[in-house]
Amino acid sequence: MNEKKLNTRTEKRKKRNKFWRIFWIVVGVFVVGLAGFAWYEYSSVKNAANTAYRSGGISSAENGSKNDVISNKKPMAVLLMGTDTGALGRVYKGRTDSIMVLVLNPRTKKSTIVSIERDFQVNFPQYPQYSPSKINAAYTYGGVKLLSQTLDRYFKIPVNTYALINMGGMKSIIDQLGGVDITPLLSFDYEGYSYKKGVTTHMNGDKALEYCRMRYDDPEGDYGRQKRQRQVLTAIIKSGADVQSLLKPAFLNSVSSQVRTDLTFSDLTQMAKSYRASGDQLETDYTHGTGFNQDGVSYQHISLAERQRISDLVRQAAGLKKVQLANGQ
């Protein structure tokens with residue numbers, strides 16, 4: 001085979017694998033190329049998966065169960081959540097500071113990530129005493145199940161599975177990667193760190209995490225923070241870390257304790273084979289809303305037209321038919 005063609009094919013394969021390296025990290029399990037690793041590494045990966053596993057009570061009648069989706073290689077919608085309130089084993093769950101829906105579509109070889117505004121005002125029919133509330137409170141009141149039901153209620157987004165990561169876990173990931181290169185979107189000082197707009201900076205886990213956290217000094221508020229979070233996520237994906245460097249037992253144990261997911265070890269090994277091509281293309285978007293105050297609490301209103309746009313985008317990415325949303329939802 002022509003050496004130039006071989007190099008081109010090798011580069012394309014490397015780029016495709018970058019996305020999956022990070023996805024497995026986020027859910028606490030690293031299974032790419034599992035068959036080539038020694039038994040102790042295999043055992044470490046399996047133990048990490050067992051540590052991270054928690055059933056979320058998610059079910060989607062529209063496009064089948066998680067097992068049906070994985071076994072038939074259907075497009076999968078993953079609810080990604082980030083929390084920043086202590087350890088995941090705490091009694092108080094905290095609120096989800098970040099809410100994203102990741103659609104993996106092996107048929108189109110494309111992945112789509114949509115950020116949901118955390119201050120979006122919603123009602124929980126199951127918990128009228130807590131309504132209205134912000135959507136990021138759904139996890140506090142009813143766990144992953146209530147949040148997935150709320151996304152279906154307001155956007156008709158059927159979720160198949162979930163992954164929850166504590167921000168401390170994200171810091172560990174970035175440090176293990178040796179840091180990431182970020183070009184700040186604005187200049188600001190926060191928690192002892194300085195960021196200069198337009199100047200590419202190599203950030204360690206602490207600095208990158210604080211870059212994601214700052215909210216109130218951003219002219220765009222939470223929208224600006226969402227942009228920075230997606231920017232760091234993209235930087236992680238593009239870092240192209242060596243998989244074997246991420247299979248150290250100490251690192252696996254550290255990250256898996258910061259992650260919860262209902263994907264089992266078996267699920268992940270099947271996905272490593274069937275969904276890898278989904279990382280060929282990555283599209284990102286987010287909900288656009290308007291801020292308002294009610295009873296001294298700041299909320300975001302997301303119009304019916306905007307919810308319809310997001311619904312259409314996610315459902316199309318998942319290979320589902322568009323549905324018309326009702327204004328009363």
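These legends go with close-up views of a predicted model.

**View 1. A six-stranded open sheet.** Let's start with the sheet, whose strands run in the order S11-S6-S1-S2-S3-S12. The pairing along this open sheet is mixed. At the edges sit strand S11 (259-261) and strand S12 (281-286), each with a pairing partner on one side only. Going from strand to neighbouring strand, the turn is 20° on average, with direction ignored.

**View 2. Strands S1 and S6 side by side, with helix H4 packed on the sheet.** Strand S1 covers residues 76-83 and strand S6 covers residues 161-166. These two strands pair in the parallel sense, with six bridges between them. If you'd like one spot to look for, try Thr83, which stands opposite Asn166 in S6. Helix H4 (residues 138-155) packs on this sheet and touches S1, S6 and strand S2 (96-105). The direction of H4 makes about 150° with that of S1.

**View 3. Helix H6, mostly tucked away.** This helix spans residues 205-213, and seven of its nine residues are buried, so the rest of the structure largely encloses H6. Who are the buried residues in H6? They are Gly205, Lys207, Ala208, Leu209, Glu210, Tyr211 and Cys212. Asn204 puts a cap on the N-terminal end of the helix. The cap works out like this: a side-chain oxygen of Asn204 lies 3.3 Å from the backbone nitrogen of Asp206.

**View 4. Ser133 and its surroundings.** Here we zoom in on Ser133, which belongs to strand S5 (residues 133-134). Is Ser133 buried or exposed? Its relative accessibility is 6%, and buried means under 20%, so Ser133 counts as buried. Leaving aside residues up to four places away in sequence, Ser133 touches Phe120, Gln121, Val122, Phe124, Tyr141 and Tyr299.

**View 5. The second largest cavity.** The structure holds four cavities of 30 Å³ or more, and this view picks out the second largest, with about 70 Å³ of space. Which residues line the second largest cavity? Asp97, Ser98, Ile99, Met100, Ser115, Ile116, Arg118, Asp222, Arg225, Gln226 and Gln229 do. Two elements, S2 and helix H7 (221-239), each give two or more residues to this lining. You've met S2 already: it is one of the strands that H4 touches.

Conventions: Residues numbered from 1 in each chain as written. Predicted model: local features only at pLDDT ≥ 70, side-chain atom pairs only at ≥ 80, totals over all residues. Heavy atoms only, no water. Buried < 20%, exposed > 50% of the residue type's maximum accessible area, 1.4 Å probe, protein only. Helix = DSSP H or I, 4+ residues; strand = E, 2+ residues; numbered from the N terminus. Polar contact = N/O pair within 3.5 Å; in protein donor to acceptor, adjacent residues only side chain to side chain. Contact = heavy atoms within 4.5 Å. Pairing = 2+ DSSP bridges. Axes fitted to C-alpha atoms, helices over the stretch in contact; angles between N-to-C directions. 1 Å grid on protein atoms, 1.4 Å probe; cavity = no way out; pocket = protein on both sides within 12 Å on 5 of 7 lines; lining within 4 Å. Points joined across faces, edges and corners; volume = space filled by probe spheres on them.
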